[in-house]
Each structure stands twice: as C-alpha cells, then as structure tokens.
Amino acid sequence: MKKVAVYPGSFDPITYGHLDIIKRGLTIFDEIIVAVARNSQKNALFSTEERVDLILEVMKGEERVTVDTFSGLLIDYVASRRAHVIIRGLRAISDFEYEFQIAQMNSTIGREIETLFMMTSLQYGYLSSSIVKEVCSLNGDIDRFVPPEVKLALKRKYGLT
Ligand code: COA
C-alpha cells in the first residue's frame, strides 16, 4: 500500500524551511500532499491560489508531491484523501505546546490519524514566512530563505521590482 502523508500549513509563502521538511518527508513516504489552508486565521499576503501556484512552481518535476487546498477540519480533509499521517515541522520549544495541543485534539477527534513531527533542520530553525516577508518588505536579502520564484513574487507584492 502506498504511504501517503499530508503536510498542511498556510505557506504564505513557502520557504526553504518547508521545502526541507518535504524533501526529508519523501524519504519516508511515497507521496506527500501539500495542503494549503484556505481559511487560516492569519491575514495572508498571498491568495490561496497564489500560494498554491508558488508551491507548484517550486515543486516542478517532483511527481511524488501534489498540492491541494482545504477548509474545515484538517483531520476531515486527511481522511477524505485516505491518508493516515499528518506531517508537521517543529522549529523550537515554542512550537511544541501549540502543536502538541492540536495533535492531541486531532487524535481525540479520532479517525486513526497520526501526526508525525519532524525537527526542522538547524539552518531553518529561526525561519518563518512572516519574518521573510518583513525582511523582504524592508528590501533585505532573502536569497537564503526562499527559492527565486518566491523571492520574485514577494518583491512584486511589495512593489520592489
Ligand atoms: N521551517 C521554517 N519555518 C516553518 C517550518 C519549517 N520547517 N514549518 C513551519 N514554519 C513556519 C511557517 O512559515 C509559519 O510562519 P508564519 O507564522 O510566519 O506564517 C509558521 O511556521 C507556522 O505555520 P504553519 O506550519 O503553516 O502552520 P499554521 O499555524 O499557519 O497552520 C494549520 C496550521 C493550517 C495546519 C492548522 O491551523 C489547521 O489544521 N487548521 C485547520 C482547522 C483545524 O483542523 N484546526 C485544528 C483543530 S484541532
């Protein structure tokens, strides 16, 4: 049976930190569904469609990765895709409490879905989409944090090209 995992998030925008988790996830799973949350409580810079397009662009050629959107409860979405595992990246102790709470709630709601936490690689431990957006908006160098396609999209958003 194919091992399929869902990697959910807001991806506003996708960064090298997320790509690192996807790459390492592919050593464990046959297929990863990157699931962009439609109604995240965050005030997004990019529309859902723009976020999906950026992920598709940077994942071009990787046939084991698909990109989708979801709204409503994550575990309902995961079940609808007949997957059994949710991948989450953990950056710091500060992430743990929130992630632990959500994972516990998801396992209480049921449906035999596991959450797999992957430690973010050392070089991305401090990274977040918000911090990248802030650095870019202030005309800072973001080459080490996002792929060129994402950098261009960010620069366009901030009227810096
Ligand atoms: N490296 C670097 N940065 C990373 C990272 C990594 N490996 N993994 C995550 N991040 C950053 C993201 O860029 C993001 O930064 P930001 O806050 O500046 O935008 C931050 O960490 C966390 O983002 P993300 O992983 O996308 O999670 P989220 O909190 O935005 O979204 C959902 C979480 C969408 C998965 C969650 O809210 C959800 O499942 N919602 C659906 C409703 C639901 O089922 N709720 C649960 C009820 S129990």
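Contact, as I shall use the word, means heavy atoms within 4.5 Å. Please keep in mind as well that what we have before us is a predicted model.

Let me begin close to the N terminus, with Lys3. This residue sits in the segment that precedes β1 (4-9). Which residues does Lys3 touch, once its neighbours within four places in sequence are set aside? They are Ile28, Phe29, Asp30 and Glu31. Lys3 has a relative accessible area of 46% and is therefore partly exposed. From Lys3 to Gly17 there are 14 residues in sequence, and the C-alpha atoms of these two residues are 23 Å apart in space.

I turn now to a pair of helices. Helix α2 covers residues 48-58 and helix α6 covers residues 148-157; their axes approach within 9 Å and cross at roughly 150°. Angles over 145 degrees count as roughly antiparallel, and α2 is therefore roughly antiparallel to α6. On the α2 side, the contact is made by Glu50, Leu54, Glu57 and Val58. On the α6 side, Glu149, Val150, Ala153 and Lys157 take part. What is the character of the residues in this contact? Four are nonpolar, four are charged, and none is polar.

Staying with α6, the buried residues in this helix are Val150, Ala153, Leu154 and Lys155. Against which helices do the buried residues of α6 pack? They pack against both α2 and α5. After α6 comes Gly159, with a positive phi near 65°.

Helix α5, residues 129-137, contains Lys133. Is this lysine, Lys133, buried or exposed? Its relative accessible area is 13%, and Lys133 is buried, because the cut-off for that class is under 20%. Beyond its neighbours within four places in sequence, Lys133 has contacts with Asp12, Pro13, Leu45, Leu154 and Tyr158. Leu154, one of these partners, belongs to the buried set of α6 that I listed a moment ago.

Finally, the aromatic residues. The structure contains four aromatic pairs. In one of them, the ring centres of Phe96 and Phe100 lie 5.3 Å apart with the planes at 20°, so this pair is stacked. Both residues belong to helix α4 (residues 93-109), and because they are four residues apart, about one helical turn separates them. Phe96 counts as partly exposed, at 43% relative accessibility. Phe100 likewise counts as partly exposed, at 41%.

Thank you for your attention.

Note on methods:
Residues are numbered from 1 along each chain as its sequence is written. This is a predicted model: local features need pLDDT of at least 70, side-chain atom pairs count only at pLDDT 80 or more; totals for chains, interfaces and linings use all residues. Side-chain values use heavy atoms; hydrogens and water are left out. Axes are lines fitted to C-alpha atoms, for helices over the stretch in contact, and angles run from 0 to 180 degrees between N-to-C directions. Helices (H or I, at least four residues) and strands (E, at least two) are DSSP runs, numbered from the N terminus. Angles under 35 degrees count as roughly parallel, over 145 as roughly antiparallel, 65 to 115 as roughly perpendicular and the rest as oblique. Ala, Val, Leu, Ile, Met, Phe, Trp, Tyr, Cys and Pro count as nonpolar, Asp, Glu, Lys and Arg as charged, and the others, Gly among them, as polar. Rings of Phe, Tyr and Trp (its six-membered ring) pair if their centres lie within 6.5 Å; planes under 30 degrees apart count as stacked, over 60 as edge-to-face and the rest as tilted. Buried means under 20% relative accessible area, exposed over 50%, partly exposed in between (1.4 Å probe, protein chains only).
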